[in-house]
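User: Please take a close look at one part of this model, and set that part in the context of the whole chain.

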Amino acid sequence: MKKYLILLVVSLLLLTACSTIPEPSKNSESLVIGSFILDFPDGYFDGPKRTIDSNVTLKFYNKTTGEDYAKRTKNGYFAFVANTSDEIELYEYYYEHTSGRTTTSLGGSLEKEFCILADKINYLGDLKITYRAGKVVSGDRESSTYHFNRDYSIGYNSAAAKNHLVDELVESEWLKDDIINIEFK
């Protein structure tokens, strides 16, 4: 009996995890998707090079409704539903990771504004923040502060974004919409 209960709980968790993007409920909604990656080609703090593509928190502000919300990346991607008349700002990113007694946190402001287009999958592109030449500027064995040079880049691979949606949203109504590249203001 205990095995069946565990199996049921795991199944429900998997179903819940897969249903993060609701189906369209009205004509005034559009799907927004993008990719966001943190890249450390010169080393992740005092470790080897690393790319972070999951659990990066992105903070958005809907200027039309006054609503503030956050989304997390999963395998590099994030997605949410918005009204087609909304003007939105991606204003901040944040990442925190704890391993043993060590907590690493980083983030920054972005201030990227965009408007939602109707009846389309609004693709914000592949945003990448590259951290280069990390150097300790203060600290001791318990706590260190690093300084990195940051570069921001954006590219558009709408075919990869659409393939990601096909994998995540099997047989979804959203997949009937065309994908369109949205440029930040």
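Analyst: Contact here means heavy atoms within 4.5 Å. With that cut-off, among contacts in the protein chain between residues at least 6 apart in sequence, 63% join residues at least 24 apart. The model is a predicted one, and its secondary structure comes to 2 helices and 10 strands, which follow one another from the N terminus as α-β-β-β-β-β-β-β-β-β-α-β. Of the 185 residues of the protein chain, 32% count as buried, while the accessible surface comes to about 11400 Å², with 50% of it belonging to carbon and sulfur atoms.

The part chosen for the close look is helix H2, residues 158-168, whose buried residues are Ala161, His164 and Leu165. These residues lie on the same side of H2, because they cover an arc of only 100° around the axis. The buried residues of H2 pack against four strands, namely E1 (29-40), E5 (77-83), E8 (120-139) and E10 (178-181).

One of these partners, E5, also borders the loop that follows strand E4 (67-72), and threonine 73 is found in that loop. Threonine 73 is buried, since its relative accessible area is 2%, and buried means under 20%. A polar atom of the threonine 73 side chain lies 3.3 Å from the backbone oxygen of aspartate 53. Leaving aside neighbours within four places in sequence, threonine 73 is in contact with Asp53 as well as Phe36, Ser54, Asn55, Val56, Leu58 and Phe78.

Note on methods
Residues are numbered from 1 along each chain as its sequence is written. This is a predicted model: local features need pLDDT of at least 70, side-chain atom pairs count only at pLDDT 80 or more; totals for chains, interfaces and linings use all residues. Side-chain values use heavy atoms; hydrogens and water are left out. Buried means under 20% relative accessible area, exposed over 50%, partly exposed in between (1.4 Å probe, protein chains only). The arc is that of the directions from the helix axis to the C-beta atoms. Accessible areas come from the Shrake-Rupley method with a 1.4 Å probe; for residues, only the protein chains shown count as cover. A polar contact is a pair of N or O atoms within 3.5 Å; within protein, one must be able to donate a hydrogen and the other to accept it, and residues adjacent in sequence count only if both atoms are side-chain atoms.
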